[in-house]
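I opened the notebook for a quick tour of this chain. Here is what I looked up, in the order I got to it.

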Amino acid sequence: LPGTFGGAVRGNAGCFGGEIKDVLEQVMTITRDGGLKYYSNKDCCFSYRDSIFKRNGEIILSAVLSLRPGSSEKLREEVFDHIKYRQERHPLEFPNCGSVFKNCPLEIVPEAVARRFKEKIKTDPFPILPVAVLADAGGLKGRSIGGAKISEKLPSFIVNFKNASASDVLELIGVFKEKIKKEFDINLQEEIGLVGF
């Protein structure tokens, strides 16, 4: 999973069936007044792509993980399998900010929509309906505004294919959310963080 360690803790990053909360024991932050603060796993209030650090304004300085031993050869093979998976399925040919929206936990998916896409539901780490499935079914692949475009390869990504501005991306996010709400009655939540807006 590309990204920074602090960002992984802040956003409870996850993929391939796991999340950072599964291995995290303790976090140390610097508070707004310059003090140091320690958090246990429970104190972090982890949920799907979320933690207390998205709301409290503290800066993550370090974290302690609880890892288990494994075969270096097997781990290396698994890492390269994951890299290959990303290269084949993600739109890496253009700059992008990764997956723009959180996938949809089944509890927010209307029953009729869940039935329609039952073959596409996956567990990562709990049952979700991928946003890419909805974007594809909603005809959003390839939709563009200015230099920003919803990827044809993986339509949960917005790519910068031609010098996109921040306003191009924001407008396209709005179009995306509106279409999914109208078509499937689902309110999407951004996974990305918007700074300065």
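I began with F126 in this predicted model. F126 has 26% relative accessibility, so I put it down as partly exposed, since buried would need under 20%. Y48 comes out at 12% relative accessibility and therefore counts as buried.

I had a reason to look up these two together: they form one of the structure's five aromatic pairs. The ring centres of Y48 and F126 are 5.2 Å apart and the planes meet at 75 degrees, so I noted the pair as edge-to-face. Which parts does this pair tie together? I found Y48 in the loop between β4 (36-40) and α2 (53-56), and F126 in the loop between β8 (122-123) and β9 (127-129), so the pair joins parts 78 residues apart in sequence.

Next I turned to another aromatic pair, F101 with F176. This one is tilted, with 4.6 Å from centre to centre and 40 degrees between the planes. It also links distant parts of the chain: F101 sits in the loop between β6 (96-99) and β7 (104-105), F176 belongs to helix α6 (residues 166-184), and 75 residues separate them. I checked burial as well, and both F101 and F176 are buried.

F101 then led me to S156, as the two are in contact. I located S156 in the loop between β11 (148-150) and β12 (157-160). Is S156 buried or exposed? Its relative accessibility is 7%, so I entered it as buried. Setting aside neighbours within four places in sequence, I listed G98, S99, V100, F101, V131 and A132 as the contacts of S156.

Back in the loop between β4 and α2, I stopped at C44. With 0% relative accessibility, C44 counts as buried. Which residues touch C44, once neighbours within four places in sequence are left aside? I wrote down L24, V27, Y39, S51, I52 and F53. I also looked up R10, which is 34 residues from C44 along the chain; their C-alpha atoms are 8.9 Å apart.

Then I went through some backbone angles. Most residues other than glycine have a negative phi, so a positive one earned a note from me. R49 has a positive phi of about 55 degrees although it is not a glycine. R49 is in the loop between β4 and α2, and its 6% relative accessibility makes it buried. N12, not a glycine either, has a positive phi of about 45 degrees. I placed N12 in the loop between α1 (5-10) and β1 (14-15), and it counts as buried at 0% relative accessibility.

Last, I stepped back to the whole chain. I counted six helices and twelve strands. The radius of gyration is 18 Å, which agrees with the value near 16 Å for a compact globule of 197 residues. Along its principal axes, the C-alpha trace spans about 45 × 45 × 35 Å. Buried residues make up 37% of the chain. Of the contacts with a separation of 6 or more, 58% come from residues 24 or more positions apart.

For the surface, I noted about 11,800 Å² exposed, with carbon and sulfur atoms supplying 52% of it. My closing entry is on charge: there are 29 positive and 26 negative side chains, and the centres of the two sets lie 3 Å apart.

Technical notes:
Residues numbered from 1 in each chain as written. Predicted model: local features only at pLDDT ≥ 70, side-chain atom pairs only at ≥ 80, totals over all residues. Heavy atoms only, no water. Helix = DSSP H or I, 4+ residues; strand = E, 2+ residues; numbered from the N terminus. Rg over C-alpha atoms; globule rule 2.2 N^0.38 Å. Buried < 20%, exposed > 50% of the residue type's maximum accessible area, 1.4 Å probe, protein only. Contact = heavy atoms within 4.5 Å. Areas by Shrake-Rupley, 256 points an atom, 1.4 Å probe, with all protein chains shown as cover. Lys, Arg positive; Asp, Glu negative; His and termini not counted. Charge placed at Lys NZ, Arg CZ, Asp CG, Glu CD. Phe/Tyr/Trp six-rings, centres within 6.5 Å; stacked < 30°, edge-to-face > 60°.
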